Amino acid sequence: MSQSDTSNIQALSTEVSQLRQELQLRDQLVQQLSQELFRLVKGNTSFMPQKTESEVDTKQLQALQEQLQAVEQQVTFYQEQITARDAEIYQLRQTVQELTDRSRMLEQVVQELPQIYRRKFEERMAPVREKVAILQRENRQLQAELQSVSYRLALKSRNANHSGIDLPSFPRPASEETSISPVPNS
């Protein structure tokens, strides 16, 4: 989680706390006003406004009702804001949780990568090692055969020189023919 996300969450949390405090204060004021109105209207039976004062009282009552309505609208507005912020906070927490889970998964994958690469390398190297071993065996066999053939040829050539067997002559390239004359077979 980046530092800006953390600061955004903290700012939102602070703002939500302030809005809740304001809402509580307004709720208390509304409660006090309603209690006072109830006490004045219901509790005092001798309280009957006079006709001359009724206009003033009606205006005051209307003003109080308008104030009460304004406060109720503000309370509704703040409740909607709080609900929206709570939803946003919930969404941010879910995002943080998802990112944390993803981060853990990626860390685990990164820790497992060397083992995976070693295993894959070993899997790829097994056939190569097998071919190298086969080639080395073939090479040893061929060297042994070559030594055997060389030894036999050496023996034959030694025997051939002593027995007088002529070896075949092979044609030489054109460049050698002009400079060296071939030796005739007897």
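This is a guided tour of the structure, moving from the whole chain to individual residues worth selecting.

**The whole chain**

Begin with the entire model in view, bearing in mind that it is a predicted model. A cartoon display will show three helices and zero strands, and reading from the N terminus the elements run α-α-α. If you then colour by confidence, the mean pLDDT of the protein is 82, and 80% of its residues reach 70 or more. Helix H2 has the highest confidence, at a mean of 89, whereas helix H3, residues 174-179, has the lowest, at a mean of 52.

Switching to a surface display, you are looking at about 16600 Å² of accessible surface, 55% of which belongs to carbon and sulfur atoms. Of the 186 residues in the protein, 6% are buried. Among contacts with a separation of 6 or more, 81% are between residues 24 or more positions apart.

**The nonpolar core between H1 and H2**

Next, select Leu19, Leu23, Val71, Val75, Tyr78 and Ile82, the six residues that make up the largest nonpolar core. Both H1 and H2 supply at least two residues of this core, with the largest share, four residues, coming from H2.

Centre the view on Tyr78 and show what surrounds this side chain. Once its neighbours within four places in sequence are set aside, Tyr78 is in contact with Leu19, Glu22, Leu23 and Arg26, and of these Leu19 and Leu23 are also members of the core.

From there, move to Ile82, another residue of the core, and add Ser17, which lies in helix H1. A distance drawn between the C-alpha atoms of Ser17 and Ile82 should read 9.2 Å, although the two residues are 65 apart along the chain. Ser17 itself counts as partly exposed, at 38% relative accessibility.

**Arg85, a buried arginine**

Now select Arg85, which is found in helix H2. Is Arg85 buried or exposed? Its relative accessible area is 19%, and because buried means under 20%, Arg85 falls on the buried side of that cut-off. To see what lies against Arg85, display Leu12, Glu15 and Val16, which this residue touches when residues up to four places away in sequence are not counted.

**A salt bridge from H2 to H1**

Which residue forms a salt bridge with Asp86? Select Asp86 together with Arg20, whose side chains meet in a salt bridge with an N to O distance of 3.1 Å. This pair links distant parts of the chain, since Asp86 sits in helix H2 (residues 51-163) and Arg20 in helix H1 (residues 3-43), 66 residues apart. Both partners are partly exposed, Asp86 with a relative accessible area of 30% and Arg20 with one of 39%.

**Further salt bridges**

The count of salt bridges in the model comes to four, and two more of them can be visited here. Select Arg104 and Asp101, whose side chains meet with an N to O distance of 3.7 Å. Both of these residues lie in helix H2, three residues apart, which is about one turn of the helix. Their accessibility falls into separate classes: Arg104 is exposed, with a relative accessible area of 52%, while Asp101 counts as partly exposed at 38%.

Then select Arg129 and Glu122, which form a salt bridge with their closest N and O atoms 2.9 Å apart. In this pair Arg129 is partly exposed, with a relative accessible area of 45%, and Glu122 is likewise partly exposed, at 41%.

**A nonpolar patch on the surface**

For the last stop, return to the surface display and select Met105, Leu106 and Val109, which together make a nonpolar surface patch of about 260 Å². Within this patch, Val109 lies in helix H2 and is partly exposed, with a relative accessible area of 38%.

Before leaving the model, it may help to place the core and the Arg20 salt bridge in one view. With Leu19, Leu23, Val71, Val75, Tyr78 and Ile82 shown, adding Asp86 and Arg20 brings in the salt bridge at 3.1 Å, a pair that joins helix H2 to helix H1.

Conventions
Residues are numbered from 1 along each chain as its sequence is written. Side-chain values use heavy atoms; hydrogens and water are left out. Buried means under 20% relative accessible area, exposed over 50%, partly exposed in between (1.4 Å probe, protein chains only). Contact means heavy atoms within 4.5 Å. Accessible areas come from the Shrake-Rupley method with a 1.4 Å probe; for residues, only the protein chains shown count as cover. A nonpolar core is a set of buried Ala, Val, Leu, Ile, Met, Phe, Trp, Tyr and Cys residues joined through side-chain atoms within 4.5 Å. Patches are made of residues with over 30% relative accessible area and no salt bridge: like charges are joined within 9 Å, nonpolar side chains (Val, Leu, Ile, Met, Phe, Trp, Tyr) within 5 Å. pLDDT is the predictor's confidence in each residue, from 0 to 100.
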